[in-house]
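Hello,

Here is the structure I promised to pass on to you. Please open it alongside this email, and my notes follow below.

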Amino acid sequence: MPRSVTLFTGQWADLPLVKLAPLAKRLGYDGLELACWGDHFDVDAAATSDKYLKEKWEVLLDNNLTCFAISSHLVGQAICDLIDERHKAILPPDVWGDGEPEGVRKRAAKKMALTAKAARRFFDAKPGAKKGAPVVVNGFTGSSIWHSIYAFPPTSQAYWDAGFADFGKRFGPILAEFDKQNANFALEVHPTEIAFDIASAQRAIEAVKGHKRFGFNYDPSHLGYQGVDYVKFIRTFGSRIFHAHMKDVWWGHGDGTVGVFGGHTTFGNPGRFWDFRSVGRGDINFEEIIVALNDINYAGPLSVEWEDIRMDREHGAAESCAFLRKLDFARSQIAFDAAFDKENQ
């Protein structure tokens, strides 16, 4: 069967889940990828309250929706970042605390570890679910070295090595908790994270000593405009792709005044070299992505992360769902040319 199509709720956190769930169903979705902000998924409540879990599943199931993953991008960003005033706007008060950077990083790491437990309890609480099956938490890591992306002042490999070592040190205990919970952490490879292309993703794996719980939430939109081969990413990290975002982007459509680094412009500025688009309207070749996902036997959902500042989001989310349903297909279970063999006739 073709894969389920889900909607990532992160860009819809202004809507309470009781309103978003029926809307998502009307737009054509099979399920929701729940963001750990807004009222969509409360990590502390999920880790402690059976009543909370029951109520979340009731909202989903009453609307004929399911869930395959939860996502903790905002808290994850603070684990390795150099903390500044921008983080206060995205972090829960108990993680921000007094804003002292190392304290913020440690509280963020503690919350991410708790997220593994919350995910375990949440998916085990699904009526009829097989308890103990592997679960997925998508997220960010932040990075202590992203600010050095351009190598001036002159930056040595030793400097960057120290950044990956910092990531490995901070995420080691987190991944140990994920392993305890039979949960996989799926980093969305993305500028500002410890891994933002194929080369840095390989270094990130090495930094956590190849930990089996560390993998990726595949998202081509963050790779294509950089010039990274987003299909090769799938084939390179096949066994570590735990989840897949479907998000589109175009590049080379600006007026030549804004480069790949964004020129300190906002999304939607007509001068931008690149911008996110509704699925199917950008430059990502989703046909090749579907084939590659089939080749690595990816059976998880296709989760739409809808972002297109030029388009009404309900229109865009509906057309993105329809686009993926038309495009997706199950992998063949037979060899088509076997019918020519007389023994099979």
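Right after helix H11 (residues 286-295) comes asparagine 297, whose phi is positive, near 60°. At the N-terminal end of H11, asparagine 285 acts as a cap, with a side-chain oxygen 3.1 Å from the backbone nitrogen of glutamate 287. That is a polar contact, meaning a pair of N or O atoms within 3.5 Å; within protein, one must be able to donate a hydrogen and the other to accept it, and residues adjacent in sequence count only if both atoms are side-chain atoms. Helices (H or I, at least four residues) and strands (E, at least two) are DSSP runs, numbered from the N terminus.

Before you go further, please note that this is a predicted model, in which local features need pLDDT of at least 70 and side-chain atom pairs count only at pLDDT 80 or more, while totals for chains, interfaces and linings use all residues. Residues are numbered from 1 along each chain as its sequence is written, and side-chain values use heavy atoms, leaving out hydrogens and water.

The mean pLDDT (the predictor's confidence in each residue, from 0 to 100) of the protein chain is 96, and 97% of its residues reach 70 or more. Among the elements of the chain, H11 has the lowest mean, 97, and strand S5 the highest, 99.

Which residues of H11 are buried? They are Phe286, Ile289, Ile290, Ala292, Leu293 and Asn294. Buried means under 20% relative accessible area, exposed over 50%, and partly exposed in between (1.4 Å probe, protein chains only). These buried residues pack against S6, H10, S7, S8, S10 and H12, where contact means heavy atoms within 4.5 Å.

Now to S5 (residues 183-187), where five of its five residues are buried. Ala183, Phe185 and Leu187 lie on one side, Asn184 and Ala186 on the other, and both faces are covered. S5 pairs with S4 (residues 135-139) in the parallel sense over five bridges; two strands pair if DSSP finds at least two bridges between them. Between S4 and S5 the chain crosses through helix H8 (residues 157-180), a β-α-β crossover that is right-handed. Right-handed here means that, with the strands pointing away from the viewer, the path from the first strand over the helix to the second runs clockwise. S5 also pairs with S6 (residues 214-218), in the parallel sense over three bridges, with phenylalanine 214 as the bridge partner of phenylalanine 185. S5, helix H9 (residues 198-207) and S6 make a right-handed β-α-β unit.

Finally, the salt bridges, of which the structure holds 24. Each is a side-chain nitrogen of Lys or Arg within 4 Å of a carboxyl oxygen of Asp or Glu. One of them joins aspartate 328 and arginine 3, with the closest N and O atoms 2.8 Å apart. Aspartate 328 lies in the segment after H12 and arginine 3 in the segment before S1, so the pair ties together parts that are 325 residues apart in sequence. Both residues are buried.

Aspartate 179 takes part in two more: with lysine 212 (3.9 Å, N to O) and with arginine 213 (2.9 Å, N to O). Aspartate 179 is in H8 and arginine 213 in the loop between H9 and S6, so this pair ties together parts 34 residues apart in sequence. Lysine 212 is exposed, at 56% relative accessible area, aspartate 179 is partly exposed, at 32%, and arginine 213 is buried, at 9%.

Best wishes
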